[in-house]
Amino acid sequence: MAHLHIKNLQAGYGKKLILDNINLTVEQGEMIALLGPSGCGKTTLLNALCGFVPVSHGEIFAGNRAVSQLPAEKRNITMVFQSYALWPHMTVAQNIGYGLKVQKAKRADIDARVAELLRIVKLDGLDHEKVTALSGGQRQRVALARALAIRPDVLVLDEPLSNLDAKVRLSVRHEIKALQKQLGFTSLIVTHDQEEALVMADRIAVLNQGKIEQIGTPEEIYHHPSTPFVADFMGAENHIEWPTHDDAFCLNLSNHADQLDIYFRSESAVLSAHPTSENADFNAGLTISGQVEQSVFFGNNYQISVRCGKHTIQVDHDQNLPEHTPATLRIPIDALHVFAKKEKHSDHQKTNIVSAKSMRMNHVC
Amino acid sequence: MRQTTSHNLLKNHLWLIAPAALMVGIFFLYPLCFSLYSAITLDSGEFTLTHLNKAFELYSKDILFTIIIVLISVAILAVLSITIAALITLSPFRSLSKILGFLYRLPLFIPFIVTAQMMRSFLAKNGLMNNAFVASGLLTPMDTVSFLGWSGIIITFVWKQLAFSTLLISGAMAALDDSQIRAARNLGASRLRILFQIILPQITPTLGVAMVLSIVTMMSVLSVPLMIGTGSPTMMTADMAFRINSYGDYHVANALGLVSYCICAGLAWFYLRQNLKEKGAN
């Protein structure tokens, strides 16, 4: 295994540019998750790495080898596909050993490597089974073993868990992570599931419209998103544009003259159905008054929709609340992701991150 | 109870398939059965093998010729169809694939008799092909060779059937999950290896269907051996036409038909057996 270095990469289909100026380094033995919504270019990036999509600009280094102009079969970067892509006319062992057969390895070496991988992916004894006789989880493990058999420089996984049902997905997720730690392969995993990315990856790269918005550890990405898009994508689904010109909102931050984008998660907000003086002591960054619009049971809690003027705020709460109950929401300052809007000459707006913690407290309602 | 209901339902609605069944009965089953009956009976209706004996006595050379012509054609057809379909599926040159994808379909819309006429004027000693060679200075008129004969029949069969079999085979190749090919490529397999080890084993049933259907078609064509062939040996369809047109001898013509039917049935049986074996193995 080697490290992967992507430098100023541009790629696309025909004249349509999908990836623009991608810079990313995956250290040896590291797993990076490419996270983003559908159509953001994450699968195209994997395809460009593997040689299935031409690179129009930039370079890809696998170890010290520049591979961007090499054909797919010479890159030594293998992929685990969402659809497994196993060959149905071959047995499990033939699928896993195919890459070694192509490399003209000795029969005995192929058999030994196949047996070793079957043991690693916990499929011992299934070597002569047809892959069509296996379950989804088993098929994906065969696909993983097949991709690892030739000891690739880099392993890429294209939404490997999407075709599996919820229970199997959790176990295969755990197994891939355990294998990655055990074997130390350098890998890139594509997913649109933020939980999957948080659990599996050493670092996460969030992609949006063909560009990397932020790279960081799962904790950094989750707690300190650097752009509104990352905050929104990582689950801070409540968004308020400040100033709201509404008395129902009270913000305890400095810099109130600026226009701000404020994001926070539903679980960060504390809901008080019957506000008391006790609750008022709570040191909130943002306080919102409204009334309950809807309450939905989520298993371990209720998700309450609170209507505050033109905004609907989602908040987790341990009790069901009837409609039209007056409610006060308090969001601690640490849980707010605040971005200053930067007015430009052009119509579109850019944002600058503002550290909520570094702001001087200032009461603005 | 439920079984009785569905049985009644079937009984009540049986007439719905009557028109189709009647068509098949009148235009296919009756002529086939009559032809088989005629091949093995005298005018008086008694069973006899005389017609079959006569057919083998007079035309065994032509029967062998037919089998050889059809087998050679189908072998060339398989190689060319696979090559074209593979180029369309695996070629990195997308524009070339698109042109090829359009061109190979053209013979599909040309009837056999037109193809035969076209080939006759193309392959003859003073045909378009030789004239083009002479005009370009590659050959003198003395060096030109006529391709009318067994080679012409093969060329015509292959040219005409190529579109049909390529259509089936390229369809089967396109239906394969593209990621299967990609998976092989990033494990280091060349395109040729992918064709033989990944694609072909998976499309064998379709290849079999294309070849069996092409054989049946070639066995039934009359215009090509009549227009391209040199007369002797010739294909069985020409012999059948000759028996009827010259002698009004339907019995021997039908006996030849029976032989032709047996050859097709034998090949179909071989194909089905292979197919079942593979399915059993799966």
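Which residues have the most contacts inside the largest nonpolar core? The legends below take up this question and related views of a predicted model.

**Figure 1. The largest nonpolar core of the predicted model.** This core has 158 residues. Those with the most contacts inside it are A:Ala33, A:Leu34, A:Ala143, A:Ala145, A:Val156, A:Ile262 and A:Leu329. Helix H3 of chain B, residues 50-90, gives the most to this core, with 12 residues. Domain 1 (4-225) and domain 2 (236-364) of chain A both give residues to the core, so it lies between them.

**Figure 2. Surroundings of A:Val156.** A:Val156 is among the residues with the most contacts inside the largest nonpolar core. Apart from its neighbours within four places in sequence, A:Val156 is in contact with A:Leu46, A:Leu49, A:Cys50, A:Ile77, A:Met79, A:Ser187 and A:Leu188.

**Figure 3. Strand E13 of chain A and its burial.** E13 of chain A spans residues 260-264, and 5 of its 5 residues are buried. In a regular strand, side chains alternate between the two faces of the sheet. On one side of E13(A) are A:Leu260, A:Ile262 and A:Phe264, on the other A:Asp261 and A:Tyr263, and all of these are buried. Both faces of the strand are therefore covered, where buried means that 20 or more other C-beta atoms lie within 10 Å of a residue's own. A:Ile262 is also one of the residues with the most contacts inside the largest nonpolar core.

**Figure 4. Pairing of strands E11 and E13 in chain A.** Strand E11 of chain A, residues 238-242, pairs with E13(A) in the antiparallel sense over 5 bridges. Within this pairing, A:Glu241 has A:Asp261 of E13(A) as its bridge partner. A:Asp261 is buried, as is A:Tyr263 on that side of the strand.

**Figure 5. The side of chain A that touches chain B.** Here 20 residues of chain A are in contact with 16 residues of chain B. Strand E6 (77-80) and helix H2 (92-102) of chain A each supply at least two residues of this side of chain A. By class, the side comprises 12 nonpolar, 5 polar and 3 charged residues.

**Figure 6. Residues 63-271 of chain B.** An unreviewed UniProt entry places the feature "domain: ABC transmembrane type-1" at these residues. Over this stretch the chain is 78% helix and 0% strand. The end C-alpha atoms of the stretch are 21 Å apart.

Technical notes:
Residues numbered from 1 in each chain as written. Chains lettered and ligands numbered in written order. Predicted model: local features only at pLDDT ≥ 70, side-chain atom pairs only at ≥ 80, totals over all residues. UniProt positions renumbered as here; feature names shortened; annotations may be inferred. Helix = DSSP H or I, 4+ residues; strand = E, 2+ residues; numbered from the N terminus. Core = buried A, V, L, I, M, F, W, Y, C linked by C-beta atoms within 7 Å. Buried ≥ 20, exposed ≤ 12 C-beta atoms within 10 Å, placed from the backbone. Domains from an automatic or database assignment. Contact = placed C-beta atoms within 7 Å. Nonpolar A, V, L, I, M, F, W, Y, C, P; charged D, E, K, R; others polar. Pairing = 2+ DSSP bridges.
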